[in-house]
Amino acid sequence: MELRTLSYFLAVAREQNMTEAANVLHVTQPTLSRQIADLEDELGKKLFTRTSRSTVLTEDGMHLR
């Protein structure tokens, strides 16, 4: 787990939108999505519930934050 990945996680949690978080971080949305998916795989936990308009923390995501 890298510090950069954790900062990406926090940005998504704060913005509650993957595209907005990507804009704030100055990365592409697919890159950010891949980093979050890799973090979820590494931890073995689902951190976000994704809808077409928002990205909301799960209970495990709240604990990590």
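Select helix 1 (residues 3–15) and helix 2 (residues 18–25) in this predicted model. Show side chains at their contact. From helix 1, pick Tyr8, Ala11, Val12, Arg14 and Glu15. Opposite them in helix 2 are Met18, Glu20, Ala21, Val24 and Leu25. By class, this contact has 7 nonpolar and 3 charged residues, and no polar ones.

Now look at the axes. Helix 1 and helix 2 pack at about 125°, and their axes are 8 Å apart. An angle between 115 and 145 degrees counts as oblique, so helix 1 and helix 2 are oblique to each other. The crossing of helix 1 past helix 2 is right-handed.

Keep helix 2 and add helix 3 (residues 29–43). The two axes come within 9 Å and cross at roughly 105°. Helix 2 and helix 3 are therefore roughly perpendicular to each other. On the helix 2 side, select Met18, Thr19, Ala21, Ala22 and Leu25. On the helix 3 side, select Gln29, Leu32, Ser33 and Ile36. Colour by class: 6 of these residues are nonpolar, 3 are polar and none is charged.

Next stop: Arg53. Find Arg53 in the loop between strand 1 (48–50) and strand 2 (55–57). Is Arg53 buried or exposed? Arg53 counts as exposed, because its relative accessibility is 74%, and the cut-off for exposed is over 50%. Leaving aside residues up to four places away in sequence, Arg53 touches Gln16 and Asn17.

Finally, draw a C-alpha to C-alpha distance from Arg53 to Thr5. The two are 22 Å apart in space and 48 residues apart in sequence.

How values were computed:
Residues are numbered from 1 along each chain as its sequence is written. This is a predicted model: local features need pLDDT of at least 70, side-chain atom pairs count only at pLDDT 80 or more; totals for chains, interfaces and linings use all residues. Side-chain values use heavy atoms; hydrogens and water are left out. Helices (H or I, at least four residues) and strands (E, at least two) are DSSP runs, numbered from the N terminus. Buried means under 20% relative accessible area, exposed over 50%, partly exposed in between (1.4 Å probe, protein chains only). Contact means heavy atoms within 4.5 Å. Axes are lines fitted to C-alpha atoms, for helices over the stretch in contact, and angles run from 0 to 180 degrees between N-to-C directions. Angles under 35 degrees count as roughly parallel, over 145 as roughly antiparallel, 65 to 115 as roughly perpendicular and the rest as oblique. A crossing is left-handed if the near helix is turned anticlockwise from the far one by less than a right angle, and right-handed if clockwise. Ala, Val, Leu, Ile, Met, Phe, Trp, Tyr, Cys and Pro count as nonpolar, Asp, Glu, Lys and Arg as charged, and the others, Gly among them, as polar.
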